[in-house]
Amino acid sequence: MSLPLWRQLQATATTLEAVRAGRSLTATLEAVEPRLRPGVQALSFHVLRGLGQAEALRQQLARRAPPPAADALLCTALALACPVGSDDAQYEAFTLVDQAVEAAKRGAATRAQANFINACLRRFLRERDHLVASTATDPVAQWNHPHWWMAQLQHDHPRHWQAILRHNNARAPMTLRVNSRQISPANYLLALAEAGLTAVQAGPADSPTLVLERPCAVQRLPGFEAGWVSVQDAAAQMAAPLLLDGAPPPRRILDACAAPGGKTAHLLERVNAEVVALDIDAARCQRIQANLQRLGLVATVRCADAADPGAWWDGQPFDAILLDAPCTASGIVRRHPDVRWLRRAGDIAQLAAIQARLLERLWPLLRPGGRLLYATCSVFLAEGDGQIETFVTRNTDVHWIPSPGHLLPQTGAAGEVFPDNGPGDHDGFYYALLEKRPH
């Protein structure tokens, strides 16, 4: 039995209200009723990608914002009534208005504003073209990102900031990583075809990276529970080969900020080594263990602060260290559209300070001749080249190996391919490979 649209609108508005209060979309969706969750997730993504324009329209319709629950429902309806990026408006306008008003009437926190919401949305239907045109000069409405975020991108990437914003508002593909210990990429492509799923291989014939033609529930993926495959963006899949290729196989590896364990698993799929996986959060450590168990892999998982080696390090140096440092997540906005609305301008400097501390504390744990791969899922220079340039200047035993640097989010053949990026469809990332010079 299909669920009425008004129920999904109610849940989506509640999700928006939670994000506005500072909660992550991922955590908020986990609290949504399971049978509602897939639809609410899809609607929430569209709403958060179009929130700048929706809020500008609401400002035109009502200069004073209504109470939070009513404002969230009104902005949800306005966002869904407008196209965002490559996505068309989600529903026929009159149906959307009717169901939004029904959602208001049935909600305890919105019932008193049902007539107000009805009046605003009916006016939007009558004056839609004029109202949309009136927001055209507002950059936040045009690009659906906060002012400070756009200013930072213009400063850091003056030639590409608009393209980055466009890619941020596009849908991300469902990219897979085949577990080569279980099945070859060629055989997994056959398994997908037998299951009625189409995918293309990214890279050479032995590449484990596959991109599905259409996303699907992981339960539909052949052998998912048996550990044949994982879901991981193509840019994130670059970490393991960058750290491992071109060097003797490491015997001891540290994954310093490992949760949820995708890169830990990829390392173990490629090399036989002792891997220590750290994360500061106990619940996230459980996710690492669960992911490794599904894939049939084993690592030493510890709940600890990587920046405090005295509390967890056994004094034995590592041959390789992966530092996927905490960051603004400004490169993965298309997968996490709430990030742009949750972050504040001051977060960049605060997170850069944490990244610098991690680099300084972990570098002594690396043996001479060993490698450290520094990674962030950020496009901001302060979390990438700026961070590494400062570190190299302060440490004379660092050799900065030619590395990808800033990978900007792109949608491959469907959009701009940035000059320093290879072709493909991937999130924004930063990679710097550092080797410790012998004394």
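Which residues in H6 are buried? Keep that question in mind as you open the viewer, and remember throughout that this is a predicted model.

**Stop 1: helix H6**

Select residues 93-106, which form helix H6. This helix has 14 residues and spans 20 Å from its first C-alpha to its last, close to the 20 Å expected at 1.5 Å a residue. Now colour Ala93, Leu96, Val97, Gln99, Ala100, Val101, Ala103 and Ala104: these are the buried residues of H6. As you look along the helix, it helps to know that an α-helix has 3.6 residues a turn, so residues three or four places apart point the same way.

What covers the buried residues of H6? Show helix H1 (5-20), helix H5 (68-80), helix H7 (114-126) and helix H8 (128-134), which are included in that cover. Before moving on, zoom in on the start of H6, where a side-chain oxygen of Glu92 comes to within 3.1 Å of the backbone nitrogen of Phe94.

**Stop 2: helix H4 and a buried pair**

Next, select residues 51-61, helix H4. Why can we call helix H4 largely enclosed by the rest of the structure? Eight of its eleven residues are buried, so the rest of the structure largely encloses it. To see them, pick Leu51, Gly52, Gln53, Ala54, Ala56, Leu57, Arg58 and Leu61.

Stay with Arg58 and add Asp71 to your selection. Their side chains form a salt bridge, with N and O 2.9 Å apart. This pair links distant parts of the chain, since Arg58 belongs to helix H4 and Asp71 to helix H5, 13 residues apart. Are these two residues buried or exposed? Both Arg58 and Asp71 are buried.

**Stop 3: Asn144**

Now go to Asn144, in the loop between helix H9 (139-143) and helix H10 (147-156). Its relative accessibility is 6%, so Asn144 counts as buried. Bring back Gln53 from helix H4: its backbone nitrogen lies 2.9 Å from a polar atom of the Asn144 side chain. Leaving aside residues up to four places away in sequence, Asn144 also touches others, including Arg49, Gly50, Asn169, Arg340 and Trp341.

**Stop 4: more salt bridges**

How many salt bridges does the structure hold? There are 21, and here are two to visit.

Start with Arg214 and Glu213, whose closest N and O atoms are 3.6 Å apart in a salt bridge. Arg214 has 61% relative accessibility, so this residue counts as exposed. Glu213 is exposed too, with a relative accessible area of 53%.

Then select Asp233 and Arg334, a salt bridge with its closest N and O atoms 3.6 Å apart. Asp233 sits in the loop between strand E4 (229-231) and helix H13 (239-244), while Arg334 is in the loop between strand E8 (318-324) and helix H16 (339-342), so the pair links parts of the chain 101 residues apart. Asp233 counts as buried at 7% relative accessibility, and Arg334 is buried with a relative accessible area of 1%. Add Arg335, Asp425 and Asp427 to the selection: salt bridges that share partners join these residues with Asp233 and Arg334 into one network.

**Stop 5: Arg394**

Finish at Arg394, in helix H18 (residues 385-394). With 61% relative accessibility, Arg394 counts as exposed. Where along the chain is Glu360 relative to Arg394? The two are 34 residues apart, and their C-alpha atoms are separated by 9.6 Å.

Methods
Residues are numbered from 1 along each chain as its sequence is written. This is a predicted model: local features need pLDDT of at least 70, side-chain atom pairs count only at pLDDT 80 or more; totals for chains, interfaces and linings use all residues. Side-chain values use heavy atoms; hydrogens and water are left out. Helices (H or I, at least four residues) and strands (E, at least two) are DSSP runs, numbered from the N terminus. The expected span of a helix is 1.5 Å times one less than its number of residues. Buried means under 20% relative accessible area, exposed over 50%, partly exposed in between (1.4 Å probe, protein chains only). Contact means heavy atoms within 4.5 Å. A polar contact is a pair of N or O atoms within 3.5 Å; within protein, one must be able to donate a hydrogen and the other to accept it, and residues adjacent in sequence count only if both atoms are side-chain atoms. A salt bridge is a side-chain nitrogen of Lys or Arg within 4 Å of a carboxyl oxygen of Asp or Glu.
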